[in-house]
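Trainee: Could you take me through one part of this protein closely? I would like to follow one residue and then its surroundings.

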Amino acid sequence: MSVRGIFIVVIIGLIGVYGDDTPEKSNETISKNPVWKQTGICRKCICKDEKINCFDQSLTTFFTKKEWTDVAEFKPKIIDLSDNSITNVTAFAQFPVEILNLSRNSIEFIENASFKDLQSMKVLDLSHNKLTSATLSPHAFEGRYSPEEYEPLASMRTLSLAYNDLHSLNQDLFEHLPELTELDLSGNPLTTIDHVTVIAISSLPMLKVLRMRSCQLPDIPEKFLHTPRYLERLDLSDNKLTAVPLELEETKNLIYLNLNQNPITELDVNSEDHPGFPRLRKLQELHMCNMRKLQRIGAGALAGLETIQRLHMCCNPQLSYIDPKALARSDDIGETYDWPIIKELYLQSNNLSEVDRGFLSRWDLLEKVDISNNPYLCDCSTQWMVDILVPVVERKTTNSSENMICQEPIEMRGYTMKHLHDIHRTMRCVDKYGHRPERDGALLLGTLIGVLLAVPIVFGLMMLWKHGYFSRCGLRGPIDVSRAFYKRAPADDNYI
């Protein structure tokens, strides 16, 4: 073969090789740069790892359905449109979205059936917007249309409407969300739970979590919690409740209750205005913290919490008394008592002078405990805290008892109970009437010295007086005084 022939063969081979490789590279380029990446949504937002992330992108207008359709091939499971300035929500395209975040916008209106093609959506966050009772319609949550009715959004489990401007709820608001298990209404100015709102909540039979923090509620109406039989977690913190709602007794499956920051002053089973807890057989965790007016908890006030395991009663600046039998549940006769087995106890930063040994039946079973930052009275009544409770606290977290500090009596002020335990200190009993012998000692000693000095001085003065010493100074002695009052009787025989 000639040189020219060989050259032609080589050229043909090279053409064949590069010719075969070009389509592969082209396909690879296409696969790395699909059409949806060139859409308007993915240019403004980050489309990656099954998530469309439009967080804080200064969006003012909602994307059109066509724009959503253009990115449908991406098949996102999470869409985050939070922290923008969107005012209206319109319809989405069909997506396998499970989580949709529309929080912290300025949303005032949601178009009917905006979410009907998000049949896999489980979580919808509409918190921190400007939705009102008038603009939030039940039709916003309509599903797909069938010949007979709108289908529900059957996958929806969690809905947050927190921190909007809702004064009431449309009684049919949740008719298209039959499987909803978690609802957050916190931060809405409900002020009171009216009849239509009761109906709306009652239409959620599968509800397990209800948050109504900071809703300005003065009470909980009857039958409000009657229908959601599966309710497990309830947050009523930062409202205007002045007493524990007796309606709580309707919650047969409640395991978590938050009553923080309510103006409750006391719990007393014998009081109509401030009763203790009703019987909550399954409640495991209770929060009563940052309650500025709470002063005392009486005997049996917590007896209805038969299965309580985690008790948070901290940062109550006026709470100075917890009865030793606050948790004790008596039998019908009142002769024997049962205590729940507490696993976590938080009593820090109250105004307690002591924690009674009888408050719990088994301190040794505590898994977590914090009773620090209270003005403790360190005397024989709290000796058990030094001897028994300090080791329990230390076993959980080393040096955690350093903040169990003595405030009274004066000679114990500033000592930590851990230090008293380490030096095996035995503390004296303070007088039950509040007498302070450590302060009275100086007074008693001064009185004794005064008496001892006064006796010889008085005796000396009496002797001087008797011997007429004071007559020289113009004062008559005892003899002169006697003569002044003596008068001889007349010498008359007939004198009678």
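Mentor: We start with the chain as a whole, then look closely at Tyr 376 and what surrounds that residue. Keep in mind that this is a predicted model.

The chain has 496 residues, and 41% of them count as buried. Its secondary structure comes to eight helices and 23 strands. Take the contacts with a separation of 6 or more. Residues 24 or more positions apart account for 61% of those contacts. The chain exposes about 27,400 Å², and carbon and sulfur atoms supply 53% of that area.

Now the close look. Tyr 376 lies in strand S22, which spans residues 376-377. Is Tyr 376 buried or exposed? Its relative accessible area is 0%, and the cut-off for buried is under 20%, so Tyr 376 is buried.

Which residues does Tyr 376 touch, leaving out those up to four places away in sequence? Start with Leu 352, Ser 353, Glu 354 and Val 355, which are among them. Ile 371 and Met 385 are also among its contacts. Then come Met 404, Ile 405, Cys 406, Gln 407 and Glu 408, again among the residues touched. Met 417 is on the list too. Tyr 376 and Met 417 are 41 residues apart in sequence, yet their C-alpha atoms are 9.4 Å apart in space.

Follow one of these contacts, Glu 408. Glu 408 touches Tyr 376, and Glu 408 also forms a salt bridge with Arg 413. The closest N and O atoms of that pair are 3.1 Å apart. Glu 408 has a relative accessible area of 28%, so this residue is partly exposed. Arg 413 is partly exposed as well, because its value is 41%. Elsewhere, salt bridges that share partners join Lys 65, Asp 117 and Arg 144 into one network.

Glu 408 has another feature. A cis peptide bond joins Glu 408 to Pro 409, with omega about -10°. Pro 409 sits in the loop between strand S23 (406-408) and helix H6 (417-422).

Follow another contact, Leu 352. Leu 352 touches Tyr 376, and Leu 352 is also in contact with Ser 320. Where is Ser 320 found? Look in the loop between strand S16 (310-312) and strand S17 (321-322). Setting aside neighbours within four places in sequence, Ser 320 contacts Gln 295, Asn 351 and Leu 352. Ser 320 and Asn 351 are 31 residues apart along the chain, but 4.7 Å separates their C-alpha atoms. Ser 320 counts as partly exposed, because its relative accessible area is 38%.

Next, look at Ser 349. Its place is in the loop between strand S20 (344-346) and strand S21 (368-370). Ser 349 is not a glycine, yet its phi is positive, about 60°. At 27% relative accessibility, Ser 349 is partly exposed. Asp 238 also has a positive phi without being a glycine, near 55°. Asp 238 is found in the loop between S11 and S12.

Now the salt bridges. How many does the structure hold? There are 13. One of them pairs Asp 268 with Arg 296, with the closest N and O atoms 3.6 Å apart. This pair links distant parts of the chain, 28 residues apart. Asp 268 is in the loop between strand S13 (266-267) and strand S14 (285-287), while Arg 296 is in strand S15 (residues 296-297). Arg 296 is partly exposed at 28%. In a further bridge, Asp 338 pairs with Arg 329, and the closest N and O atoms are 3.9 Å apart.

Finally, the surface. Lys 223, Arg 229, Lys 252 and Arg 281 gather there in a patch of positive charge. Lys 252 lies in the loop between strand S11 (233-235) and strand S12 (256-258). Its relative accessibility is 46%, so Lys 252 counts as partly exposed. Another patch is nonpolar: Ile 449, Leu 453 and Ile 457 make about 290 Å² of surface. Leu 453 is in helix H7 (residues 437-466). Leu 453 is exposed, because its relative accessible area is 51%.

Terms used:
Residues numbered from 1 in each chain as written. Predicted model: local features only at pLDDT ≥ 70, side-chain atom pairs only at ≥ 80, totals over all residues. Heavy atoms only, no water. Patch = residues over 30% accessible without salt bridge, like charges linked within 9 Å, V, L, I, M, F, W, Y side chains within 5 Å. Areas by Shrake-Rupley, 256 points an atom, 1.4 Å probe, with all protein chains shown as cover. Salt bridge = Lys/Arg side-chain N within 4 Å of Asp/Glu carboxyl O. Lys, Arg positive; Asp, Glu negative; His and termini not counted. Charge placed at Lys NZ, Arg CZ, Asp CG, Glu CD. Helix = DSSP H or I, 4+ residues; strand = E, 2+ residues; numbered from the N terminus. Buried < 20%, exposed > 50% of the residue type's maximum accessible area, 1.4 Å probe, protein only. Contact = heavy atoms within 4.5 Å.
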